[in-house]
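The following note sets out a short review for a colleague beginning the study of protein structure. Its points move from the whole chain to single residues.

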Amino acid sequence: APLPPGPKPIPFLGNVLDLTPKELWLPASQWAKQYGSIVYVHVLGYGIVFLNTAEAAVELLDKRGSIYSDKPSLIMCGEMCGCKNMVAFTPYGEQSKRQRKLMHKAFGLPVIPTYYPLLQTETHSFLRRLVAEPAEYMKHIRRYSGGLTLSVVYGYEAVSNDDEFLGLAEECVGILANRIASGGGIWPVDVFPFLQHIPTWMPGAGFKRNAIKWRRKMEEFVNRPYEFVKNCMKSGEYKRSFCSNLLEDEGIKAVDDFEFDLKWSANSMYSASIDTTLTTVSHFILAMMLHPEAQRKAQEELDRVVGTERLPTFADRASLPYVESVFKESLRWAVPVPLSLPHRLMEDDMYNGMFIPKGTLIFGNIWTMLRDETLFPDPEAFRPERFMEEVSPEMERKRNPQNYVFGFGRRECPGLHLVDSSIWLLMVSMLSTLNISKAVDEHGRIVEPVVKFENPIFRTPSLFKCDMRPRSQKALSLIKQSEIHTA
Ligand code: HEM
């Protein structure tokens, strides 16, 4: 049977020249238009498949999940830098299933309301930092998502921007995203495994010396916050968290390798939440700045439902349909992880008469799915109204961006329910208290945002100038008073 179609490879090297290190989703979406729901390329004989429709992604990644849920085994990232135990890199098998079970226990839908008070506290602290230093909004979003994850996962409260655990986490997430996994995480040693045996002192062995250094940092990042929880529990003074809840669960504790799994799952959630949250919230700010009419409509709804005497809460959610549509459209428009994370096919397989060889890397092309004109007419436009239209339940499911942006099948994002609450509250709180608009320079001219996307995995916009200020004196005092109420 033929391989799926795709751009013509060159001899031996394959499609190496077609694969761009930045915004690979753009050529991938052109291939989707040209070749259809499934596209095949290869690099030096290693196959890569892009699944361009929800039907193909659900059929393969979900229904045939037992063979489509493995992860590529990367020597540099996984073995040498020790990341193979992070959930996003764990091979499909007993360990990945145990880790996901732990995360499901902590972040499954029924548990999320128990985090509401914490989400509220962190959101209000974020608003206070934002009004004090609006130009530093990216720093504040990072601090928010880092602080939230430290509290939820370890019961640890970061007290300042210079907090030692926040610093350690920032450093490690930076090493992982910008050093270890840059260029898709494939190093020469992954293609020529014998390189791992060359002595560290040899010229050209810099990658080995770096790997030793980075591995030590990663281990510190895994162990130190975990030891913090255990010490607090010993002393009897601790906040409930993912780790403490599971450490108190006698049934789960009895499972083999429990502590190892717990430590690495906790750490993985930290790494997985920072860039994704930063990307989503930055896109929301960008959208509000570029579409003042959508912002105004959302604010009118908020003023009608919540009023101006208090901040919004989760109890308001069902009465805010337009705000809900802004939330959905922000996720669709942003596509924070446009090609999802790669899965590895464990056995030869056939799809619609085409052959997909064992070992092929499979990318869910979420970008193309969420730019599908039949589901989202004028897909580049930011138009929350599209989600206000009356459609059949089947169509509603097909058009819900939350069914795409978190990936598919057995490796689907375990943080999705938390994100649904945390980012919703963050957006609604910003809308209710702040006006977001384009910045004005010292000559009074409007500064048009210029945005680039440099990260190969996350569609994070580069820092852009914008103006964020309280909607009124009342809004400012609500933000300031939130500290007193939280305390
Ligand atoms: C807007 C925010 C987020 C988005 C868009 C997002 C999206 C994704 C996507 C697309 C994947 C890959 C799924 C696949 O392989 O098919 C993923 C994996 C993952 N996410 Fe998220 N995520 C977000 C936030 C979070 C948060 C807050 C957490 C933790 C609390 C988290 C934890 C994880 C983990 C641990 C994995 C690896 C799962 C595995 O390989 O089994 N994510 N996420």
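1. Burial. Of the 487 residues in the protein, 41% are buried. The model under review is a predicted one, and the values below should be read with that in mind.

2. Overall dimensions. Along the principal axes, the C-alpha atoms fit a box of roughly 65 × 60 × 50 Å. A compact globule of 487 residues would have a radius of gyration near 23 Å, and the protein agrees with this because its own value is 23 Å.

3. Secondary structure and contacts. The protein contains 19 helices and eight strands. Among contacts with a separation of 6 or more, 74% join residues that lie 24 or more positions apart.

4. A pair of helices. Two packed helices are described by the angle between their axes and the distance between the axes. Here, helix α6 (residues 116-132) and helix α18 (residues 416-433) have axes that come within 10 Å and cross at roughly 40°. The two helices α6 and α18 are therefore oblique to each other. Their crossing is right-handed.

5. The contact between these helices. Which residues of α6 meet α18? On the α6 side they are Leu119, Gln120, Thr123, Phe126 and Leu127. Their partners in α18 are Ser421, Ser422, Leu425, Leu426, Ser429 and Thr433. By character, the residues of this contact comprise five nonpolar, six polar and no charged.

6. A residue in α15. Leu331 belongs to helix α15 (residues 321-334). Is Leu331 buried or exposed? Leu331 counts as buried because 23 other C-beta atoms lie within 10 Å, and the cut-off for a buried residue is 20 or more. Leaving aside residues up to four places away in sequence, Leu331 touches Thr280, Pro401, Gln402 and Val405. From Leu331 to Lys101 the separation is 230 residues in sequence and 26 Å in space, C-alpha to C-alpha.

7. Two residues with positive phi. Most residues other than glycine have a negative phi. Phe12, although not a glycine, has a positive phi of about 65°. Glu23 is not a glycine either, and has a positive phi of about 50°. Phe12 lies in the segment before α1 (25-35), and Glu23 is also placed in the segment before α1.

8. The surroundings of those two residues. Phe12 is exposed, because 8 other C-beta atoms lie within 10 Å. Glu23 is partly exposed, because 18 other C-beta atoms lie within 10 Å.

Technical notes:
Residues numbered from 1 in each chain as written. Predicted model: local features only at pLDDT ≥ 70, side-chain atom pairs only at ≥ 80, totals over all residues. Helix = DSSP H or I, 4+ residues; strand = E, 2+ residues; numbered from the N terminus. Rg over C-alpha atoms; globule rule 2.2 N^0.38 Å. Buried ≥ 20, exposed ≤ 12 C-beta atoms within 10 Å, placed from the backbone. Contact = placed C-beta atoms within 7 Å. Axes fitted to C-alpha atoms, helices over the stretch in contact; angles between N-to-C directions. Parallel < 35°, antiparallel > 145°, perpendicular 65-115°, else oblique. Left-handed = near helix turned anticlockwise from the far one by under 90°. Nonpolar A, V, L, I, M, F, W, Y, C, P; charged D, E, K, R; others polar.
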